[in-house]
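Here are some short exercises to work through with the structure open beside you. Try each task first, then follow the solution step by step.

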Amino acid sequence: MFGGGRAPILVLSQNTKRESGRKVQLENINAGKQIADVIRTCLGPQAMLKMLMDPMGGIVMTNDGNAILREITVQHPAAKSMIEIARTQDEEVGDGTTSVIVLAGEMLAAAEQFLEQQMHPTVIIRQYRQALEDMIGFLEGPLSVPVDRNDKAALAQVVQGCVGTKFIGKWSDLAVNIALDAVSTVLLEENGRTEVDIKRYAKVEKIPGGSIEESQILKGVMLNKDVTHPKMRRYIQNPRIILLDCALEYKKGESQTNVEITGDADFTRLLELEEEHVKRQCDEITALKPDVVFTEKGVSDLAQHYLLKAGITAVRRVRKSDNNRIARACGATIVNRTEELQESDVGLGAGLFEIKKIGDEYFCFIVECKDPKACTILLRGASKDILNEIERNLQDALQVARNIVLSPRLVPGGGAIEMAVAQRLLEKATHGPSRALAHALEIIPRTLAQNCGANTIKTLTALRAKHANHTDSSKPCTWGIDGETGELVEMDKKKLWEPISVKLQTYKTAVETAILLLRIDGIVSGSKKKGDKEVPTPSQMQQQQQMGQED
């Protein structure tokens, strides 16, 4: 800043705060640890719930790492990037959001001692990278076991492991069956490619009232719609279904349309033309003798009259996503113009169409489909908050079921895999950051023991001894912590397994975030005083100049 004894040269504007060096790195580490501490108690089957109030006064009760961090507003930039990783984890694999934050916080804390010993961050980063590669190698190799994706009992155990730590754990059998049925329903295999699109074709419908035990998965689709005319049929077995994407009413002009009428008979002719258009549309539909017509747009009164005369039930203003689901469930094709309707477009796959009244609302069910490729999960519960939490838990279970189907390899749960990976890393690394990283992995079993009130030191020492005495290098040591009681158990006997994709993603995300935050050695934050205009950055000034030249 000082130029050879002259006055100081101010490069940054006066309102800008600049921090650099060791101080920033330690601040980032502390921010990461703070975020990890917030949700440390949300790990494992004895997890506590957090109750969050948003600014609008709504409340969220959950123990899902991602949902908690989404509602918290934080100031520190490093804390913001920690919150971002929980979201990445949720979008990528759906489970492990709490573990990834706890691990990333612990990995940052492990680096703190080396920074205090004046070790350069890049050295720590290099060793962390190497350790991550080793971890991935161990996971994909000897530490995971293959599973047959058609073996429903084995898959159920894995989903059970995911559901057991959530609020829905009490009704875990119900949740596991729903998740596995939904995934096997929407599973599509074409040209050697496996696709499981849960978001689009496994819709979760929440209806307050009833009890959680009444939740079920429908072999078909449910919509929050009623028929358009009260006299239309509301219960049809083996219906012929037609799906439309066009309005059954006269087309109006896009904007204001002027029509000049010269003769007195012309106006009557105009009205006749409109009626003829609607009648022609209805005749084209009735020619195929359908029982139910769904359209994404409106149905005019005249069209309702013609369809009612032909004994056809109509449902209007169906969402596009719902229409796609009905098409997948009953085998119909969505048609854009009634002129193009043909026999092959009619859906014959549904066994029953009925309208039911649940609470105060009417719902339309298209169920008992022969080979549905879409389904609806119907959730019942005491209140909206409970339903929201159950939906979040179910989404995690669905994602886990999907992960196993896409990559059918498993690792032991309950902190066993972390201890096994740590043991392998310790054998390989003699000193330095990679050894510290191995110890950081132990935070998962330690937190599990803490959350169920066990003696942490005793339990972890015993667990370390079990893993150190494990000699068979071809398969993982399955000793871990029972999250309910805090005792040591063998996970293959307790049947607690986790999909490998969740663990891989957790480790990659946690280590890479730790590396990213260790790389930062300066924070420049521009703050504006009240009443001051914000000082433009050089790039903004350049843009203003260019605009001035263009004018």
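**Exercise 1. Find which helices each supply at least two residues of the lining of the largest cavity.**

Solution. The model is a predicted one, so keep that in mind throughout.

- Step 1: The helices to look for are α7 (172-186) and α12, each of which supplies at least two lining residues.
- Step 2: Of the contributors, α7 gives the most, with 3 residues.
- Step 3: Now pick out the whole lining: I168, W171, L174, A175, I178, I212, S215, L379, I390 and L394.
- Step 4: Sort these residues by character, and you get 9 nonpolar, 1 polar and no charged.
- Step 5: For scale, the volume of this cavity is about 60 Å³. With a cut-off of 30 Å³ or more, the count is 1 cavity.

**Exercise 2. Describe the second largest pocket: what is its volume, and which residues lie nearest its centre?**

Solution. We can stay with α12 for this one, as it turns up again in the lining here.

- Step 1: The volume of the second largest pocket comes to about 520 Å³.
- Step 2: Its lining has 19 residues, and those nearest the centre are D90, K199, E391, Q395 and Q399.
- Step 3: Trace the elements that each give at least two residues: α2 (65-71), α3 (77-92), α8 (198-201), β7 (202-208) and α12.
- Step 4: The largest share belongs to α12, with 6 residues.
- Step 5: By character, the lining of this pocket splits into 4 nonpolar, 4 polar and 11 charged residues.

**Exercise 3. Do the same for the largest pocket: which element gives the most to its lining?**

Solution.

- Step 1: Start from the volume, which is about 690 Å³ for the largest pocket.
- Step 2: There are 41 lining residues, and G44, P45, G161, T165 and E498 are the closest to the centre.
- Step 3: At least two residues each come from α4 (97-116), α6 (152-163), α12 (384-406), α15 (443-451), β21 (497-499) and α18 (500-519).
- Step 4: Among the contributors, α6 gives the most, with 4 residues.
- Step 5: The lining is made up of 13 nonpolar, 17 polar and 11 charged residues.

**Exercise 4. Work out the strand order of the open sheet of 4 strands, and say why one side of each edge strand is left without a neighbour.**

Solution.

- Step 1: Reading across, the order is β13-β12-β11-β14, and the pairing is parallel.
- Step 2: The edge positions belong to β13 (313-315) and β14 (334-335); each has a single partner strand, so one of its sides has no neighbour in the sheet.
- Step 3: Next, look at β11 (residues 241-244) and β12 (residues 292-295), which pair in the parallel sense over 4 bridges. Within this pair, L243 stands opposite F294 in β12.
- Step 4: Add helix α11 (residues 320-330), which packs on the sheet and touches β11, β12 and β14. The direction of α11 makes about 150° with that of β11.

**Exercise 5. Is the protein chain a compact globule or more spread out?**

Solution.

- Step 1: Take stock of the elements: the chain has 19 helices and 22 strands.
- Step 2: The radius of gyration is 31 Å, well over the 24 Å that the globule rule gives for 551 residues, so the chain is more spread out than a compact globule.
- Step 3: To picture the overall dimensions, imagine a box of roughly 95 × 75 × 45 Å along the principal axes, filled by the C-alpha atoms.

Conventions:
Residues are numbered from 1 along each chain as its sequence is written. This is a predicted model: local features need pLDDT of at least 70, side-chain atom pairs count only at pLDDT 80 or more; totals for chains, interfaces and linings use all residues. Side-chain values use heavy atoms; hydrogens and water are left out. Two strands pair if DSSP finds at least two bridges between them. Contact means heavy atoms within 4.5 Å. Axes are lines fitted to C-alpha atoms, for helices over the stretch in contact, and angles run from 0 to 180 degrees between N-to-C directions. On a 1 Å grid over the protein atoms alone, a cavity is a set of points where a 1.4 Å probe fits but cannot get out, and a pocket is an open set with protein on both sides within 12 Å along at least five of seven lines; lining residues have an atom within 4 Å of a point. Grid points are joined across faces, edges and corners, and a volume is the space filled by probe spheres set on the points. Ala, Val, Leu, Ile, Met, Phe, Trp, Tyr, Cys and Pro count as nonpolar, Asp, Glu, Lys and Arg as charged, and the others, Gly among them, as polar. The radius of gyration is taken over C-alpha atoms; the globule rule is 2.2 Å times the number of residues to the power 0.38.
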